[in-house]
Amino acid sequence: MKNNSFIPKGSRLIAIRNVFILTRTFFHELLKKDQPPEKIQDRVFHILLIIFSPIIFVTVPIIDIFLLIFLPGLHLFRPLFKAGWKYGLISSIGVTLAVSIITQYVFFIYSYQFQAFGLFLAEEPRTYIQVEVEDLYIDPTFGTNQYFDFLSVANIALYFGNLSHRILQTDCYFQRPTFTQTWDPINNISYLPNMPLYGTLGKLATSISNNIAIGTAPENDFEVIALVTRDFYNHSSIRVNNNMTLYVPISLNLEDSLYDDTAATFNGTHKNIVNVTGIVFLDEIPNYDITGSEIDIPLEYILEFDSGAAILAYWPSANKILQSIEYTQTRATIVADLFYNIDEIDSFNLQGEIDTLKFIGVNLKEMYLVRSDFQYVRINSYLVNLMEQFRDEYNLYQTFMFAFLSPIIVLTIILTVYAANLVRKKRDRQLTILTERGTNRMEIGSYLALESLITGGVSLMFGVILGVPIASVLTKSSGFLMFSNQLLPLRLDVASVSIALIGSVGAIVLIQLFNTITLLKKRDVEDYGKVEKTLPVFYKYFLDIILIVFATTIWFVFKLPVLSAYQDLTAKYVGIPALIVMLFGLILFVQRLLPLFSKLLVKLTSKLRMDITSLSIREIHRYQKSFARSSIILCLSFSLVISSIIVPYSYQDFNTQGAYYDLGADIVIRNFPVDNEYVKSKISNLTEVESISVVRFININDPAAGDLAITYSLLIVDPETYLKTAFFRDDFGEESVETLFENLDDTFGVLAQVDELGVIERKVGQDWLITYAAYNDTWRTIPPYSAIRPLNLTLKIQGEYKYWPNLVRKIAITNVRSLFYHLVVREEFLDNIQVRPTNLIDYLYVKVNNSYNIEEVAEKIGFISEEGTVNNVENEIFVKPNSPRSSILYSAINSTLIMSFAINSIILALFASIQLIDRAKEIATMKAIGISTKQLMKYHLSIYISLLVFSTIFGMLIGYLASSMLMGVLTITRNIPPYSILFPVVQVVIVIAILITATAMGALIPTISSTKQEIGTELRHSA
């Protein structure tokens, strides 16, 4: 053939020269400086040119270079490609799938990263850094200078950190917790609400004054503005021109403050000196707008109160009001809110942005601590918490995607290699004939390279065409094979397009290069026609055993406690690789059982006198290598599908359990007015409410611990109502919760966490002497004139537990600089300790009857409760339909299911097609001796069904094990609550039925096609 083909002399040089001229002309035109486009068509062309010019810059020189490789085999291309285009099409199917998977994941990752962070910001309006200096002396004689002096410290810290441009606006105020007695004319009761006193100036004071609904702004000393909700206003005696007495809490029993004159405001010798000049309705004013930003924030968030009411005066007047309450000693907490410029946040550099925010916090704290009168400085940044939460959940998303993407990519590569192996016999015969007729390997390699370029280009085009709509569908993932989420539309970006194309081209080059090298190996005609009755060669070297042992070792390392400080990195780079290696090791191992499985089926079908089926199944033993390769892909596909069903249900259950542990009940009202019996009874009497319970929480610290910070977190409960209302897991402790509360019969008795007791080597029945920082306002008048003193307390350990809702999140371990001990005590415990009353967090736990919707009941309770923040467990569950966070989980799951449906159908269709093509002569012979079409279909389908049964059984078993390992990886950052594996039988049966049907249809179509062919045609084609 080589001698019969004539290539004109010099044509190769002319072709190369022309291509280089074309390249040079293209670069010249591309680099010309054009005027800005004015027409719409020109703008569109300009955008397309920007997107595709980097690709063209790379591909045109590559084509120039490849032309040198392709020229020797150009004369072979037309006849060979025309004769073997079907085989090239089969080989390109896997490549197309690989490209579509790469593009869909890349496009979805960019869409999610760009838009999801904005959704997270929308959920948390407090996008600012807050500086709190507690127990600071407010000097009335210093006036507004103290206000500006405090702000100047923040400005200096930002200036020296070169971070002033990240802060749009700064506001400052001081706050002192106070109480006032008011009358509810509607319910005819008197109650004692928390109405903190605020003093402020600047934009914040102006904004509040501009929103006075009734009355006027204060103009004189001891005049205030009341900040209340409309409902609070209607249920109180607070009115314009009414006087109010402010009380500071001096003991745990808040009502004691009413009977101590020194705890109330005075103006000379008279009480009731605070006069309300104006009313601001918090729920009727617009949000507080931030200079230079489109962000606006509710005023309740700015002032950080949940009580639904407060009083405010301008800074100098508020100083005098504060001075008039003797027990305060004119001390309060000064707060500076620094509003962050979130427009500059780079969502693709979250850790860097988090570090910047923390750096600002460190600078601020150091600068304030330099001043001698600032001793207790706390930096709060809800934005840091939000970004860390998003980072953690995005890491979770990446872990999910990586866990499912890696096997799917490997699966498509195996599919590509598998397809190439299936057609290799036909291609080998074709290329061997060329070799025998004088064609050299360079010409064959040139032809194969050109064919790879064409099929790779077609695969790239169709892969991207498939990948874009699939990525669009993934952004709408809202549940198991559900696509109703409208919060994350697909967004394509130049960077994402470039990365997807580069990754796809790299995959194509590697796959096609492997296929080309494989086909270029030296071959002889005598090699064909051999029947391979053994498994693939890697079984000879026990590759499967090596992978299983290696994966077990990696998993052991993954579980080492020493890596607990690097949980995210450990999950991604140790846990996931161990899972993937174990997955492939087990799948390879079970193929050793395939010959045994076929022999068992042969014996079974023979006894049942199913002769045709028995004869068909013997083919599995005859062609072990081919069937093992098919079974590997099918097993892997079924394993991924099973994992993609089990994992979301198990993780959703884990997420639900975690939500209950975060709250402790169906509905929890934080900062609930526990002394308001009327509101409690009104909630308790709702038809939808089964029971309620008051729960109190406080942290007390050990001041004598030196550099080691020790905190005792106390959960204070009423056992009788708590047992009826709170949430518990069955495995929360060795004993039942009822038994633990029965044992808790001492005033100073506590229930402690079992692992935390192990740190201090304490056991049930022992005493535990602790020191804590006690607080009482009355001590301010007693030497050494401090409200805080260290006191000793002897606790009696009367029970231990593993997990307790609303308490334990991470267990204390040794070798840390801070320790938490989580304790459960009875209500009377609180009467015997001295703590700051305003540090107590009061909760009302609510249990909802099973027949009612928790969110609807929480909304109803919100209208009843005048104070506090109402939370319900449904809002804490983020993996649920139609939420932006659900796409984190379900995008990977749905993608796996979609690709598995396609791959399973394609793999068996390819296998059946190639097997039938390769055995066309055998089929024709069987027809010639009188086997009917029905018998022939039964013959072929029996073997494919047997292969499906084997792959399904072992795929499900391996998938279940993989699900357990993946859940262990996903939950590594949380050890409370422990996860449990759920097996949703209905969903598994539905998906397996769809997969088997799709796969069987893939085998049925070529089988029907082959049985309808004429005998003469089949004999001629197989010759």
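Hi everyone, this is a short talk about one protein chain and two places where its helices pack together.

Before anything else, please keep in mind that we are looking at a predicted model. The mean pLDDT of the protein chain is 78, and 76% of the residues reach 70 or more. There are spots to treat with care, though. Over residues 33-37 the pLDDT is below 50, and this stretch has 3 contacts in the model beyond near neighbours in sequence. Residues 525-529 also stay under 50 in pLDDT, and there the model has 7 contacts beyond four places in sequence.

Now the overall picture. The chain has 1023 residues, and 52% of them count as buried. Its secondary structure comes to 28 helices and 23 strands. If you take contacts between residues at least 6 apart in sequence, 83% of them join residues at least 24 apart.

Let's go to our first pair, helix H4, residues 144-160, and helix H9, residues 350-370. How do their axes cross? They come within 9 Å and cross at roughly 130°. An angle between 115 and 145 degrees counts as oblique, so H4 is oblique to H9. The crossing of these two helices is right-handed.

Which residues meet there? On the H4 side you can find Phe150, Val153 and Ala157, among others, and on the H9 side the list includes Ile360, Leu364 and Met367. The residues of this contact divide into 11 nonpolar, 1 polar and no charged.

Take a look at Asn363, which lies in helix H9 and is one of the residues that meet H4. Is Asn363 buried or exposed? Its relative accessible area is 16%, and buried means under 20%, so Asn363 is buried. Setting aside neighbours within four places in sequence, Asn363 is in contact with Ala157 and Gly161.

Our second pair is helix H15, residues 594-607, and helix H16, residues 611-622. Their axes come within 9 Å too, and they cross at roughly 165°. Angles over 145 degrees count as roughly antiparallel, so that is how H15 runs relative to H16. This crossing is left-handed.

From H15, the residues in the contact include Leu594, Lys599 and Val602, and from H16 they include Ile617, Arg618 and His621. What is the mix of residue types here? The contact of H15 with H16 divides into 6 nonpolar, 6 polar and 2 charged residues.

So, to look back: H4 is oblique to H9, while H15 is roughly antiparallel to H16. Thanks for listening!

Definitions and conventions
Residues numbered from 1 in each chain as written. Predicted model: local features only at pLDDT ≥ 70, side-chain atom pairs only at ≥ 80, totals over all residues. Heavy atoms only, no water. Axes fitted to C-alpha atoms, helices over the stretch in contact; angles between N-to-C directions. Helix = DSSP H or I, 4+ residues; strand = E, 2+ residues; numbered from the N terminus. Parallel < 35°, antiparallel > 145°, perpendicular 65-115°, else oblique. Left-handed = near helix turned anticlockwise from the far one by under 90°. Contact = heavy atoms within 4.5 Å. Nonpolar A, V, L, I, M, F, W, Y, C, P; charged D, E, K, R; others polar. pLDDT = per-residue confidence, 0-100. Buried < 20%, exposed > 50% of the residue type's maximum accessible area, 1.4 Å probe, protein only.
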